[in-house]
Amino acid sequence: MNGIAAPIVAYEPAPTLSFIAPRRKVSVVMVVYMTGEALEESVSCVLADPQVDEFVIVDNGSSCAEATRLKGLADRDRRVVLIVGQGNVGFARGANLGARQASGEILIFLNPDAFLQPGCITSLAQAIEARPAPCIVGGRVLNADRTEQRGARRGDITLMSALMSLSHLAQRVPAWRRYEVHWETDAPPEGVAAIPTISGACFCMRREDFDAVDGFDEGYFLHVEDVDLCWRVRQAGGMVLFQPQAEVIHLGHTSRASPIRVEFHKGVGLARYFRKRAGNVSQTLLAWLLSPVIVCTAVVRPVMWRMRGRAA
């Protein structure tokens, strides 16, 4: 080095400005089971997002045609990590399996019938930066007509609030409005807002936060594991956030699995969740007594849907 250049060579690295700081690696985790036609479009939306560094697909069970397409995709795209051979172990266990395999520092969990909208992952990743740990950030889940989907953002789901909401008493009696758990008809916040419960259809966590709360509770097979995760994050002193700018279109009910079977697992999950968060003996006893009612109510729902469809 000549004498002219020597005086201007930095001996210590300059600090990296925040706007050019290296971003954290993003891994999308998707659990697949007999999804149907929506899967191909959902996968395409993920791979079209430039923020996706890795795409972990946990195949709990697909048709031969779907399995072949997924294998071909993994062979062609180095970002795709395909996990197979475990059978249908349920969503919670499958998602934990995918998270353990993922190498990203930011984990995005996405349903296989949900379509990322432009900027969704960026908005989620930005919203979680510098937040207290543990933290979970949910996106704004929309129907195909872009109305906000039921369950996209919810209040604290307790046994009392669930009963009030399901019976519609929370809507009919003004004094009980605080028990309404579904907030999709309320005007969305202008920016990131703290809420008790977000949707598991599309959400983001830092890996260290996910590990800190031990991931999903694998005692849930299908449904309610997202409600449980939000509750445990709050119990750990963390934050549950809703990011209205992170939009995803979620079709729902696309799986070829039996609707009765799906609703059965939802009922079993709800009953388990209420027993789990019971704070005293009387609450535990009530949760156990109402467990059969919750499960039966859940199973009856798809039967009623079918009867109404026939009547129409």
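A residue counts as buried here when its relative accessible area is under 20%. By that yardstick, helix 4 (residues 120–128) of this predicted model has 7 of its 9 residues buried, so the rest of the structure largely encloses it. The buried set is made up of Cys120, Ile121, Ser123, Leu124, Ala125, Ala127 and Ile128. Their cover comes from several strands, including strand 1 (26–33), strand 4 (106–110), strand 5 (114–116), strand 6, strand 10 (202–206) and strand 11 (239–250). Just past the end of helix 4, Ala130 adopts a positive phi of about 65 degrees.

Strand 6 (135–142) also leads into the loop that holds Gln149, with strand 7 (153–154) on the other side. Gln149 has a relative accessibility of 13%, which is under the 20% cut-off, so this residue counts as buried too. Its side chain makes a polar contact with the side chain of Asn143, at 3.0 Å. Setting aside neighbours within four places in sequence, Gln149 touches Val141, Leu142, Asn143, Glu184, His250 and Leu251.

Turning to helix packing, helix 1 (residues 38–48) and helix 2 (residues 64–76) sit with their axes 12 Å apart, at an angle of about 15 degrees. That angle makes the two helices roughly parallel, and their crossing is right-handed. On the helix 1 side, the contact uses Leu39, Glu40, Val43 and Leu47, which meet Glu66, Arg69, Leu70 and Leu73 of helix 2. Sorted by type, the residues of this contact come out as 5 nonpolar and 3 charged, with no polar ones.

Terms used:
Residues are numbered from 1 along each chain as its sequence is written. This is a predicted model: local features need pLDDT of at least 70, side-chain atom pairs count only at pLDDT 80 or more; totals for chains, interfaces and linings use all residues. Side-chain values use heavy atoms; hydrogens and water are left out. Axes are lines fitted to C-alpha atoms, for helices over the stretch in contact, and angles run from 0 to 180 degrees between N-to-C directions. Helices (H or I, at least four residues) and strands (E, at least two) are DSSP runs, numbered from the N terminus. Angles under 35 degrees count as roughly parallel, over 145 as roughly antiparallel, 65 to 115 as roughly perpendicular and the rest as oblique. A crossing is left-handed if the near helix is turned anticlockwise from the far one by less than a right angle, and right-handed if clockwise. Contact means heavy atoms within 4.5 Å. Ala, Val, Leu, Ile, Met, Phe, Trp, Tyr, Cys and Pro count as nonpolar, Asp, Glu, Lys and Arg as charged, and the others, Gly among them, as polar. Buried means under 20% relative accessible area, exposed over 50%, partly exposed in between (1.4 Å probe, protein chains only). A polar contact is a pair of N or O atoms within 3.5 Å; within protein, one must be able to donate a hydrogen and the other to accept it, and residues adjacent in sequence count only if both atoms are side-chain atoms.
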